[in-house]
Amino acid sequence: MMQSGVPLCNSCGEPVGLNSKGEVFIACHECNFPICESCVDYELKEGRKVCLRCGIPYAASLENPITGDVEKDASVNHSSMVDHLQNYQETGVHARNLSNFSAVESESNAESGNPIWKNRVESWKEKKTKKKKKATSKGEQEPQIPPEQQMEEKQITNPVDSAYGLWLTSIICEIWFAVSWVLDQFPKWSPVNRETYVDRLSSRYEKEGGPSELAAVDFFVSTVDPLKEPPLITAKTVLSILAVDYPVDKVSCYVSDDGSAMLTFESLVETAEFARKWVPFCKKYSIEPRAPEFYFSQKIDYLKDKVQPSFVKERRAMKRDYEEYKVRVNALVAKAQKTPDEGWTMQDGTSWPGNNPRDHPGMIQVFLGHSGAHDIEGNELPRLVYVSREKRPGYQHHKKAGAMNALVRVSAVLTNAPYILNLDCDHYVNNSQAVREGMCFMMDPQVGKGVCYIQFPQRFDGIDRSDRYANRNIVFFDVNMRGLDGIQGPVYVGTGCMFNRQALYGYGPSSLPTLPKSSSFCSWCCCFSCCCRSKKPSKDPSEIYRDSKREDLDAAIFNLREIDNYDEYDRSLLISQMSFEKSFGLSTVFIESTLMENGGVAESANPSTLIKEAIHVISCGFDDRPELHFY
């Protein structure tokens, strides 16, 4: 129990207590600083012999506090102590807080020059200085060894007799990890950063007042199950392709439905109708990105750089149209949740051919394009083609690779663009200039002929800023792929890749140019890499044999460039003579398309005949032959 009228010690918080005369213990008669006898003894043992408040040495006030040698000083300060006690009784329970605040003030005063805590701080500094000197002297005598190195050395030099096999296994694993790490660093030694100059491409191939001479591009989009890959996800990919900044007659989009789902077909019908409004809106106002879902969800100032007064009104109308389009597609998805017992039926009353996804004929439908619907302003739109290859029991269809092979053959018959760009259904083009940037390299007059493919990097939406789980794959796309580009070329990651069609067929230029390391170009996000031959290695006998075969093939291609001048008999004889049927199947139209270096379809070709031939090349007979697999 706290004694009445006795102040609390400013150091330990306990009552200061009484001296031998029964009076309140006073350590300093100059300032009457409240501190108990135990704390004073501790301070004296630590060598701190001055008052914490006023800095007067304790020896002067404690020299004869009991014997009365300093009674004069005691009597002089008695009134001040009485005043202190009276103040304490008036303040009550707040006295301890006030005394603590006074202690804080005393510490701050000490820092400004008063002798409070001076001895204590000096002792701390001395100890710290001694430790530094000791560490410095030890460091000069004995160099520090990293703990990891010490652990490795101890692990290698101290085998465990009772578990020798386990010890040996761990040593082998450590060596293998070290070797693999060194090998992993090799591709990163010579990274290449590439840039493009789209304006130079346009000035060379797009003359004012004349037709565009840019090469055509066929886009491939593959999907299987619309319930696992929602139609709206596929639609945003298709819409971003149809709205790219490229001549509309040079762009074709092929959607492979490997699940033969009527839901995918009907959603493409709705997408084609919405594209008639979306594509001209994007090109009129230079919208980026041109996937509507991500454009309308951006939290940015969409009025930036927009100067046309009608933009706000048209944007609101377009957003309303897009929301209505989403409602219609969602209604189709809700309807497809339960399949009727008799299967799906089309609007004309006929049964849907793909009711059995494992046994159905090939299906092709052209929605947009030269012979299809135009946009709301009457302009032509890029071609949009629905493809579902034939499926029969007992045949190997090879999943996505088989679907890509079917699209190569169908596109060769219908449009035959010299370049192909494939995308997964959940990827979209986030830069409308991406195709032009790819063409900066594919159509380069010096090295374009030797390029096999260009791999675009992938960027991902919906990731937190810190990317704590490394979902952006920055190390792979921005470090490893650039390093591989410096060696010879990047790897194909399965999507976002632009191919030279002739390279897929196995054709190649007679002499491939050397790609200078200084030449570079950029991708639709940051960079993209190319796969081409950097230098011509020395030839072995097998390469000489292949070159001779290539010369024969090139001679055949040279003859077939004038194939239009041949009659039907000479044409079939020449094709059969070079055994093209073994390499490309029993389709004369497809074989002829593979020999057109610059792509294209004859103007005299009948569209209905081409559709029939395209259905023929996606039959199971083509899928079942390994020599017809390009992927």
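Two strands count as paired here if DSSP finds at least two bridges between them, and with that in mind the tour can open on strand β7 of this predicted model, where Tyr419 stands opposite Asn500.

**First selection: strand β7 and its partners**

Select residues 497-500, which form β7, and then add residues 419-424, which form β5; the two strands run antiparallel and are joined by 4 bridges. Next add residues 451-455, the strand β6, which is likewise antiparallel to β7 and is joined to it by 3 bridges. In this second pairing, the residue to look for opposite Phe499 is Tyr453. In a regular strand the side chains alternate between the two faces of the sheet. With side chains shown, Cys497 and Phe499 lie on one side of β7 while Met498 and Asn500 lie on the other, and all of them are buried, so that both faces of the strand are covered.

**Second selection: the cysteines**

While Cys497 is on screen, it is worth asking how many disulfides the model contains. Taking a pair of cysteine sulfur atoms within 2.5 Å as the criterion, the count is 0. Cys36 is in no disulfide, although the sulfur of Cys39, the nearest cysteine sulfur to it, is 3.3 Å away. Cys36 counts as buried, because its relative accessibility is 7% and the cut-off for burial is under 20%. Cys497 is also in no disulfide, and its nearest cysteine sulfur, which belongs to Cys452, is 7.7 Å away. The relative accessible area of Cys497 is 0%, and therefore this residue is buried.

**Third selection: strand β4**

Move now to residues 383-388, the strand β4, which is mostly covered, with 5 of its 6 residues buried. Strand β2, at residues 251-257, runs parallel to β4 and is joined to it by 5 bridges; within this pairing, Cys253 has Leu384 as its bridge partner. Strand β3, at residues 363-368, pairs with β4 in the antiparallel sense, also over 5 bridges, and here Ile364 is matched with Val387.

**Fourth selection: the core around Leu384**

Keep Leu384 selected and ask which residues, beyond its neighbours within four places in sequence, are in contact with it. They are Val238, Cys253, Val255, Leu268, Ala272, Gln365, Val366, Phe367 and Leu368. Leu384 belongs to the largest nonpolar core, which has 67 residues, and it is one of the four members that touch the most other members, together with Trp278, Met439 and Met498. To see the element that gives the most to this core, select helix α10, residues 262-285, which contributes 12 residues. Another core, of 28 residues, lies apart from that one, and its members include Tyr254, Val410, Leu414 and Ile591.

**Fifth selection: the annotated positions**

An unreviewed UniProt entry lists Ser222, Lys228, Glu229, Asp258 and Lys399 under "binding site", and two of these positions can be viewed in turn. Lys228 is in the loop between β1 (217-223) and α9 (231-242), and it counts as exposed because its relative accessibility is 71%. Asp258 is in the loop between β2 and α10, and with a relative accessibility of 12% it counts as buried. Not counting residues up to four places away in sequence, Asp258 touches Thr223, Val224, Arg389, Lys391, Lys399 and Ala403, and Lys399 is itself among the positions listed by UniProt.

**Sixth selection: helix α9 and the loop after it**

Is α9 enclosed or open to its surroundings? Since 10 of its 12 residues are buried, the helix is largely enclosed by the rest of the structure; the buried residues include Pro231, Thr234, Val238 and Leu242. The end C-alpha atoms of α9 are 16 Å apart, which agrees with the 16 Å that its 12 residues should span at 1.5 Å a residue.

Finally, select Pro247 in the loop between α9 and β2, a residue that is buried, with a relative accessible area of 13%. Pro247 and Leu214 are separated by 33 residues in sequence, and their C-alpha atoms are 8.1 Å apart in space. Leaving aside its neighbours within four places in sequence, Pro247 is in contact with Glu206, Ser212, Leu214 and Arg436.

**Last view: the whole chain**

Zooming out, the protein chain has 22 helices and 8 strands, and 41% of its 631 residues count as buried. Among contacts with a separation of 6 or more, 71% are between residues 24 or more positions apart.

Conventions:
Residues numbered from 1 in each chain as written. Predicted model: local features only at pLDDT ≥ 70, side-chain atom pairs only at ≥ 80, totals over all residues. Heavy atoms only, no water. Buried < 20%, exposed > 50% of the residue type's maximum accessible area, 1.4 Å probe, protein only. Core = buried A, V, L, I, M, F, W, Y, C linked by side-chain atoms within 4.5 Å. Contact = heavy atoms within 4.5 Å. UniProt positions renumbered as here; feature names shortened; annotations may be inferred. Expected span 1.5 Å × (residues − 1).
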